[in-house]
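Dear colleague,

I am handing over the structure below, and after it I have set out what was found. Please read the notes with the structure open beside them.

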Amino acid sequence: MAKNMGLSKLEDRLAAILADRETRSQRRRLSTFPPHSVDFSSNSYLSLSLTPEIRQTYLELLKSVPDSTPLFGSGGSRLLDGNSPLSEDLEREVAAFHGAPTGLLFNSGFDANAGLFACLTQPGDVVVYDELAHASMHDGMRASRAALCVPFRHNCVYPEQVQRCQDSTTSKRKDGPKSLSETLHQLLGSDDEPLSAAPRSGERNVFIAVEGVYSMDGDVAPLKDIVACIEHRLPRGNGYLIVDEAHSTGIFGDQGRGLVCELGLEDKVFLRLHTFGKAMGSAGAIVLCSPVTREYLINYARTLVYTTALPTSCLASIKVTYAFLSTPQFDDVRQKLRWLMHYTHSLLVAICARHTTQDDQPTSSDRLLIRVNPTPPTSPIIPLLTSQPRSLAAFCQQRGLVVRPIVAPTVPEGSERVRICLHAANTKEQVDRLGQAIEEWGQEVRDGDTTRREASRILREAVAATAPRNDWSKQEVAAIYYHPLLDLAFQSATIHRRFHNPAEVQLCTLMNIKTGGCTEDCSYCAQSTRYQSGTGLEAKKVESVESVLAAARVARDRGSTRFCMGAAWRDMRGRKDALRNIKAMVEGVRALGMESCVTLGMIDGEQARELKDAGLTAYNHNLDTSREFYKSIISTRGYDERLRTLGHVRDAGINVCSGGILGLGETAADRIGLLHTAATLPAHPESFPANALVPIKGTPLGDRPPLDFTTMLRTIAAARVVMPATIIRIAAGRKTMTEEQQALCFMAGANAIFTGEKMLTTDCNGWDEDGVLFGRWGLEPMRSFQKSLVPGAQ
């Protein structure tokens, strides 16, 4: 036994093998996704496990199981103690449903394939299989007694189809397998080949193995042509077709009976495999075959003989799922899935047409950045071919859209892809989000490829600059934003140190001095009167001057140097009494030695001057997002109205505090537009709050997935480059960041945070928590009115 002292020699070897796989980007890892993620990855095409009627029926069936019957474990192999009347009844029912003589349950499709291929073939037999056959078939063939196992070109029955196959999503190797007809002819036609005589004479068997629908390509086997070819090439009746219907069960045929039943080939197929863990939403599998074959498998299929049988709980789920297939609701489910298939495909075709690399040639489709088969899909599996599958998949996953990258050796080299699986529970809106993410990724890749050199030049000039500039072009901002993130963060950190003391971080506390009752329709805000019934937020009147100043004193004593006051109003028209009280609050905060900031909605020039005279330090009025995306979030206040308010604030001599919210559903182009607007104002904002949307249930954006951290980091770094002297504040959403993520933001140029008990209506990091953070990372609070400048900063 190896001692527990470091890695053993064996483990050293295993670690080296894993490291080698890592260098080839082929290392596999287990992963999970948050429950709110949108599933475009699993094989649960019909979403039956989420169907309320099925769940209810299943639970009722479990309640009816006698106490004497084991529910969660069968107790042994089918040959010993694991068999049950329910198992045998289910086998008869499922076999009859699919028009087969009999069936035999297995624990999984993998077990079934591995077991049957290993034992069915007799010495001297031959297996001819589609080159994209599932790994379970390969495992079975390796363990078999077959004299020869030979592939044929994927879905190619005749020679003339090989060129078409080369142009599809399969391997483009010129020396690849031949068509099924050619393979059988070559196998049977050579007098010099000792293996040919027995199959040709009918003395030995030839098994032809295919899948109904292929899991990586989503294409359908041409079963009628395959049957005709077998009958022509093997006229003595020793050709046996095996069809794995794992991905066609529930999708094809009347009531989901499968592809073989849809084509009426039940009597032409020797053996069928239907699995229950994909479209059927359960677990397990069944082999449909003749009674003799069933008895043979019971005796010789090791994956059945030596495996604990399926438990009652699993058998019950299979039973109720099959019962659902005969209901009218099932037809509705499948019809919706088919509509989604065609809608998604049309969307992807349009996106692919827009996103080709600049060196694309019309005749060189393999050079396209992303590519989808132009033929409408016949299954819910749509492969999106790309040379950068990991990048695209990660981009989508960060936006709460679960797709998986598929790379060699799982698929042939040159056909790497992101695999998109559609489900009946998916919505049009979710598909649109997926399309938007793919579109955005494609734009980022293209812009990144074409502007990287330009961005390097722009960054070099920005790093060398000694004063801010506000004549940035949107193209320049885009070049900076799309620059490789690590280098962008490094360059922004360099700029940050040119204009700021990197150890100083401003501590701000934000108090809601008037809660709710706002007439605006900002889609993210719980304080709108339009959403208060759904959010449960209770509107409150304006806080008294005394209560506000008491809170300010607490904030000051805890270390905050800027006190911000927010009121949920559209504007200040007709609010003279309120304005008078707010000016008293500003004066009181100023008397405490703190900077003061307010956010009151729109104000005019006179109101701005009154606030200036009261000693107001800064006025917050966020741009929120780009001009183009803005109308998707707010309809009751125009973008130019926001800009006019910022103008009134600036003209009054008050510092402008204006930033945006990330995670609203905007694209990278919208974040670039936000940065461009802020960086081309007549004077840069004194502070730029970078907010991550905090979804609030009851608001239109209450179900938005969380913002991925790299988007926040990239936005902060780009903001620091284009607005070098501005204070960049990590605002809403910091509560969800790890300490290390916050540190990265500080390194990249952030130098202000909100701290305290609350941020308007959402949670905030507390003073004690931030004190520990500052101590651990060597940070110190920025003093009121005394932001340290470094030489050269203006």
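**Cavities**

In this model, which is predicted rather than determined by experiment, there are 3 cavities of 30 Å³ or more. The second largest cavity has a volume of about 100 Å³, and its lining is made up of Arg-78, Ser-87, Leu-105, Phe-106, Asn-107, Thr-303, Leu-304, Thr-307, Thr-308, Ala-309, Leu-310 and Leu-315. Two elements, β2 and α12 (302-305), each give two or more residues to that lining. Sorted by class, the lining of the second largest cavity holds 6 nonpolar, 5 polar and 1 charged residues.

**The sheet of 7 strands**

Strand β2, which contributes to the cavity lining, also belongs to an open sheet of 7 strands, whose order is β2-β8-β7-β6-β5-β3-β4 and whose pairing is mixed. The edge strands of this sheet are β2 (102-106) and β4 (148-152), each of which pairs on one side only, and the twist from one strand to the next averages 20°.

At the β4 end of the order, strand β3 (residues 126-130) is joined to β4 by 5 bridges, and the two strands run parallel; within this pairing, Val-128 has Val-150 of β4 as its bridge partner. As background, strands of a sheet pair through backbone hydrogen bonds, in either a parallel or an antiparallel manner. Helix α11 (residues 291-300) lies across β2, β7 (271-275) and β8 (285-289), and the helix runs at about 25° to β2.

**The sheet of 4 strands**

A further open sheet consists of 4 strands in the order β9-β10-β13-β12, and here the pairing is antiparallel. Because β9 (370-371) and β12 stand at the edges and each has a single partner strand, one side of each is left without a neighbour in the sheet. Strand β9 is joined by 2 bridges to strand β10 (residues 381-386), with the two running antiparallel, and the bridge partner of Arg-371 in β10 is Leu-385.

Two helices pack on this sheet. Helix α14 (residues 328-354) touches β9, β10 and β13, and its direction makes about 10° with that of β10. Helix α15 (residues 389-397) touches β9, β10, β12 and β13, and its direction makes about 175° with that of β12.

**Backbone geometry to check**

Which residues does the cis peptide bond join? The bond lies between Ala-408 and Pro-409, with omega at about 10°, and Pro-409 is found in the loop between β12 (404-406) and β13 (417-421), two strands that belong to the sheet of 4 strands. Asn-155, although it is not a glycine, has a positive phi of about 60°, and this residue is placed in the loop between β4 and α6 (162-166). For context, most residues other than glycine have a negative phi, and most peptide bonds are trans.

**Annotated span**

Finally, an unreviewed UniProt entry places the feature "domain: Radical SAM core" at residues 503-734. In the model, the end C-alpha atoms of residues 503-734 lie 19 Å apart, and the span is 37% helix and 18% strand.

With kind regards

Note on methods: Residues numbered from 1 in each chain as written. Predicted model: local features only at pLDDT ≥ 70, side-chain atom pairs only at ≥ 80, totals over all residues. Heavy atoms only, no water. Pairing = 2+ DSSP bridges. Axes fitted to C-alpha atoms, helices over the stretch in contact; angles between N-to-C directions. Contact = heavy atoms within 4.5 Å. 1 Å grid on protein atoms, 1.4 Å probe; cavity = no way out; pocket = protein on both sides within 12 Å on 5 of 7 lines; lining within 4 Å. Points joined across faces, edges and corners; volume = space filled by probe spheres on them. Nonpolar A, V, L, I, M, F, W, Y, C, P; charged D, E, K, R; others polar. UniProt positions renumbered as here; feature names shortened; annotations may be inferred.
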